[in-house]
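Here are a few exercises to work through with the structure open beside you. Try each task yourself before reading its solution.

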Amino acid sequence: MKNLKFYNALFLRILCIMVLFFFCGFLIYKGLYYNAILVGFFAVILISEMYVAIKNRLLFYDKTLLSILQNDFSTNFPEEYRKENFKTLYLLYNTLKFKEQEQISKELIYQSILDNIDTATLILEKENDEWHIFLMNDCFSNLFKVPKVSHWKYLKNYLPSLCNEIEKLGFTELKSAISIKIEEQDLQTFVLQTSHTKTYDKEYFIILLDSIQRVIEKKEKEAWINLMKIISHELMNSLTPIRALSQNLLHIVDQEQLEEEDFEDIKSSISTIINRSDHLQVFVENYRKLAMLPTPTKVMTPINALFEDCMRIMSPILKAENIELINEINSSRSILIDKNQMEQVIINLITNSVYALKEKSEKKMFLSSYTENNRFFITISDNGKGIDNEIRDKVFLPFFTTRKDGAGIGLTLSKNIIEAHGGYLSYQTDEDRTSFVICLI
């Protein structure tokens, strides 16, 4: 509607100019030259006014569109233009301004997130077959002591080993270890992971670096924190009642005369203190087992003989629990192990499966083994209740248990024994089966 008014006004101006020129010609024809000059003067004024109006409108359009193209939304849109002929342009300008502010806010949030993660992150952007640094987080800058430069060739001056390695591989996706020298320090080893992505006409290359030493230290710190929580929990569970009972005994013996009930209280308190002390002694003994695991004495042991000895011990328990055993282990080969320690691991894992099958009506346990890539695998599975999601990262923690009568060291001790043999212990769980896998090299 506003534009229609503008076009109507323009049409009236043109019509008036045409009428004035026609009238001017008519006056010249009649010989009224001075009158014709006066009319012509008015026509020129009207033409000038129309030119200025159209020019101002086009200049404002050009200025606004140029601001939009340059993402410059700092100019204030005049109030009168918001309601008149430029209302549609104002809506476009204001919508794009809002989207630009929203995009800037998101970029600031993404930058803040990247700056607060512990992984050194570098994002490159390809422009005219050259890589420029799109983003470098604070961790990368601080870890490698480099300023936030804008070009790949400048980064090469600070980190030639990293840049040369990536260039040598042609900016392809990879995951490997790399040694980097930071300033005058010794070489440090990092886990290098890169990825390549394209969006519309843009191409990006993402570089992630984690210090292996920092990862190890972080894991060790987490392990110590979890261990100290468990130890302090066990100690407080025993020391708190012992202290309370000791105070009660002191109060009783301070009396001038003891009743028969007092003697019963003394006996009960001493009995409880002994029980809690025994519990603490067992706890400390279990910790000693974990902390002072002897070095394996390895000898070549037939696999069948290993499992026959284990099943001789566990068969009565399996029969009592009505568990069907499906034993697929039938190998004539021998492996280099400490037989006593390995028996302890297998018995621990079978005992865990027995506990997992307690509430099942149909109880099945599976034993199997196979060789792959110079590695020997033993799998102990069951169709029990499985491992809940919330405790999957805690199953190997010392003293962590879901059993009322459990000490919480079986899986931890088993894991330590397998690692002392140069292998590893892992688990897999799905809807109908949970498996613990022993891998030996």
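**Exercise 1.** In which helix do E343 and K339 both lie, and how many residues apart are they?

*Solution.* Start with the position: E343 and K339 both sit in helix α10, 4 residues apart, about one turn of the helix. Helices here are DSSP runs of H or I with at least four residues, strands are E runs of at least two, and both are numbered from the N terminus. Before going on, note that this is a predicted model: local features need pLDDT of at least 70, side-chain atom pairs count only at pLDDT 80 or more, and totals for chains, interfaces and linings use all residues. Residues are numbered from 1 along each chain as its sequence is written, and side-chain values use heavy atoms, with hydrogens and water left out.

Next, the pairing: E343 forms a salt bridge with K339, with the closest N and O atoms 2.5 Å apart. A salt bridge means a side-chain nitrogen of Lys or Arg within 4 Å of a carboxyl oxygen of Asp or Glu.

**Exercise 2.** Which residues are linked with K339 and E343 in a network of salt bridges?

*Solution.* Step one: look at helix α9, where D309 and R312 lie 3 residues apart, about one turn of the helix. Step two: D309 forms a salt bridge with R312, and their closest N and O atoms are 2.7 Å apart. Step three: put the pairs together, and D309, R312, K339 and E343 are linked in a network of salt bridges.

Now check the surroundings. Buried means under 20% relative accessible area, exposed means over 50%, and partly exposed is in between (1.4 Å probe, protein chains only). E343 has 12%, so it counts as buried. K339 is partly exposed because its value is 24%, while R312, at 57%, is exposed.

**Exercise 3.** What separates E165 and K168 in helix α6?

*Solution.* First count along the chain: they are 3 residues apart in helix α6, so about one helical turn separates E165 and K168. Then look at the side chains, which form a salt bridge with the closest N and O atoms 3.5 Å apart. Finally, compare with the cut-offs: E165 is partly exposed at 25% relative accessible area, and K168 is exposed at 64%. For the whole protein, the count comes to 11 salt bridges.

**Exercise 4.** Which residues of the largest nonpolar core touch the most other members?

*Solution.* A nonpolar core is a set of buried Ala, Val, Leu, Ile, Met, Phe, Trp, Tyr and Cys residues joined through side-chain atoms within 4.5 Å. The largest one has 32 residues, and F307, M342, I346, L349, I350 and I438 touch the most other members. Several elements each supply at least two residues of this core, including α9 (303-320), α10 (339-356) and β12 (434-440). Apart from it lies another core, of 27 residues, among them C139, F140, I166 and I178.

Zoom in on one member: leaving out residues up to four places away in sequence, I350 touches M311, M314, L318, M365 and I380. Contact here means heavy atoms within 4.5 Å.

**Exercise 5.** Is T194 buried or exposed?

*Solution.* Find T194 in strand β4 (residues 187-199). Its relative accessible area is 6%, so T194 is buried. Now trace the side chain, which reaches the backbone oxygen of T172 at 3.0 Å. Among the residues T194 touches, not counting those up to four places away in sequence, are T172, L174, F205 and I207.

**Exercise 6.** Which residue in the loop between α4 (138-143) and α5 (152-158) should you look up for its phi?

*Solution.* The residue is K145, which lies in that loop. K145 has a positive phi of about 55° although it is not a glycine. K145 is partly exposed, because its relative accessible area is 45%. F144 is found in the loop between α4 and α5 too, but it is buried, with a relative accessible area of 3%.

For a second case, go to F171, in the loop between α6 (160-168) and β3 (174-181). Its phi is near 55°, again a positive value in a residue other than glycine. At 14% relative accessibility, F171 counts as buried.

Notes:
A polar contact is a pair of N or O atoms within 3.5 Å; within protein, one must be able to donate a hydrogen and the other to accept it, and residues adjacent in sequence count only if both atoms are side-chain atoms.
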